[in-house]
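Please look over the sequence and the structure shown below before reading on. The report that follows deals with links between cysteines and with one charged residue.

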Amino acid sequence: MCNKKMKKEWKWIGLLMMTIMLASTLSGCITEEEETPTPNTTPPATTSAPTIIGPPTTTPTPTTTSLPTTTSVPSTAAPSETPEAVDIADIIFHNGVLLTLNESQPRAQAIAIKGEKILAVGNDVDILALQGPQTRVVDLAGRTLMPGFADGHTHILVFSLRTGKTTLDEAQNVALSFGFTSVTEMWADESLLEELMQAEQDDRLRLRVNVFASYNDGILQNGEKVFIKAWYPENDPILDSDRMLRIPGIKIFVDGGSGGGRGCPALSEPYELDFVATDWFRDNCGSDRGDLYWSQEEINQVVADAQAAGYRVAFHAMGDRAIETALNAIEFALDGQPNERYRHQIQHNSVIRPDMLERYVDLDILASLRGYFNTCDQSYYIDYHGPDRYEWNVNRYTLPGLGIHVYLETDFMWDVDPADISRSNNPNPMLHLYGLVTRQQVNQNGTICKPEPWLMPHAISVEQALRIMTIESAYAVSQEDVIGTLEPGKYADLIILSGNPMAVDPNTIKDLEVWMTMVGGNVEYCAPGQEGLCP
């Protein structure tokens, strides 16, 4: 009995030991399989933001007879290689020349868009891997795609409402046809702000709109400035970049403009005697040094109060005395703080004394710059300012080389026909790009006005000029994180051009056209005959 009992116990012990050994063996197999690396037979997982591998190796010459096609292309990848649904693009543009204006990835071949935003930018292979059965794929056939233009100082929308010369919808059509996906309106009273807000509520704004609400008007009554009831100080700024309408700042007129009740730019030294003696000057200018709207103490406090309320201030300042007044007010309000936080800015910067350029740098001033200069009237500056000071009018073009933020102003206000390419405040960005690079202007008779030697210095490259017209204008309204360059996560605000402005003869830049404008992933303008580019 004892032996049988022992045998029985040893039998159960043996079975238990075998079970433990078997479990250990199976556990070891599983552990080994998890720890053994699988051979890497697929590219690294960079589908959310492919890395650029260089400019396109094949860029067919664009023609107007061979249109690209927009198609829904089924994915050719094996089922196991299909991207996750979250990474499948709605739209892909490929086989193009992409000027991203992103310094870390300046060139690319293709871009993927999902919803309102850019999904990825990179080479054709990586981007085309993001297509799904419903993806709309556009072959650019070597054409140029870049971020949409941003006008940092215009009146194209508000003045359409103010003057009644065109409707808001028609004004937007004009802006979009020129490739603008964002505009900054530099004048608005309360009633016009209300109209724009209603347009936003009605989903009628088709491009991004920033407004600097007017604090005072650009006219004088009996020699005194005129205040405007417009948003500030009763309301906070609107800074939400997901909105189509924002109010990031206020506009202050510091000096006069070009007559018509506005007075004249305020200078530190008198205008030329011959000019002061003209009937025009006597009718329009308040003194031989122009018209300064503010005392220094008064404007200092206004700017400090606006800054404390979260607003940036844009100063209309044309003459050197007005610019100096604005610089003093900014310095007072900042009180040693960096301007990067507040981004106060000076508009026009028409007559800058050489000694003030260092203050632009020290205070990190943002400055608007009109690209299309009055080259055909360059002798006018000598007549107004005399032989010792006329070159101060070109000092504004030294600003981009100083390392500060300089952005585009067209200052278009429906006082001219958009088709009149002889006017310096024309809304066509190609004319401003042409002017920044060549300093030339087209005369009313179609001839080209060449700059005199004093006007030619400080010409800038096409790439630097394009940054002034895109990312720098976005920076001026604190939207550089969402627009201005082609980068994953930014809004799909982009345009397609008839040619590459970095590759064509600079003298022909003025002739380039916008063939497609997209805002937030939606095509808002398609040039006649270019429907194949417009998904």
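A residue is called buried when its relative accessible area is under 20%, exposed when that area is over 50%, and partly exposed in between, as found with a 1.4 Å probe and protein chains only. By this rule C534 is buried, with a relative accessible area of 16%, whereas C526, at 28% relative accessibility, counts as partly exposed.

This is a predicted model, in which local features need pLDDT of at least 70 and side-chain atom pairs count only at pLDDT 80 or more, while totals for chains, interfaces and linings use all residues. Residues are numbered from 1 along each chain as its sequence is written, and side-chain values use heavy atoms, with hydrogens and water left out.

**The disulfides**

A disulfide is a pair of cysteine sulfur atoms within 2.5 Å, and a search of the whole structure finds 3 of them. If the bonded cysteines of the chain are numbered in sequence order, the pairing reads 1-2, 3-4, 5-6.

| Disulfide | S to S distance |
|---|---|
| C264 and C285 | 1.8 Å |
| C376 and C449 | 2.1 Å |
| C526 and C534 | 2.1 Å |

The places of these cysteines are given by helices (H or I, at least four residues) and strands (E, at least two), which are DSSP runs numbered from the N terminus.

The torsion about the S-S bond of C264 and C285 is about -60°, so this disulfide is left-handed. The pair links distant parts of the chain, 21 residues apart, with C264 in the loop between β14 (245–253) and α6 (273–276) and C285 in the loop between α7 (279–284) and α8 (296–308). Both C264 and C285 are buried.

For C376 and C449 the torsion about the S-S bond is about 100°, and the disulfide is therefore right-handed. This pair also links distant parts of the chain, since C376 lies in the loop between β17 (366–369) and α12 (379–385), while C449 belongs to strand β20 (residues 448–449), 73 residues apart. C376 is partly exposed, with a relative accessible area of 25%, but C449 is buried at 13%.

The link of C526 and C534, with 90° about the S-S bond, is right-handed.

**A buried arginine**

Which side chain of opposite charge is nearest to R312? R312, found in strand β15 (residues 312–317), is buried, and the nearest such side chain is that of E480, 7.0 Å away. Lys and Arg count as positive and Asp and Glu as negative, with His and the chain ends not counted. R312 has no salt bridge, a term that requires a side-chain nitrogen of Lys or Arg within 4 Å of a carboxyl oxygen of Asp or Glu. The side chain of R312 does, however, reach the backbone oxygen of A476 at 3.0 Å.

Technical notes. Polar contact = N/O pair within 3.5 Å; in protein donor to acceptor, adjacent residues only side chain to side chain.
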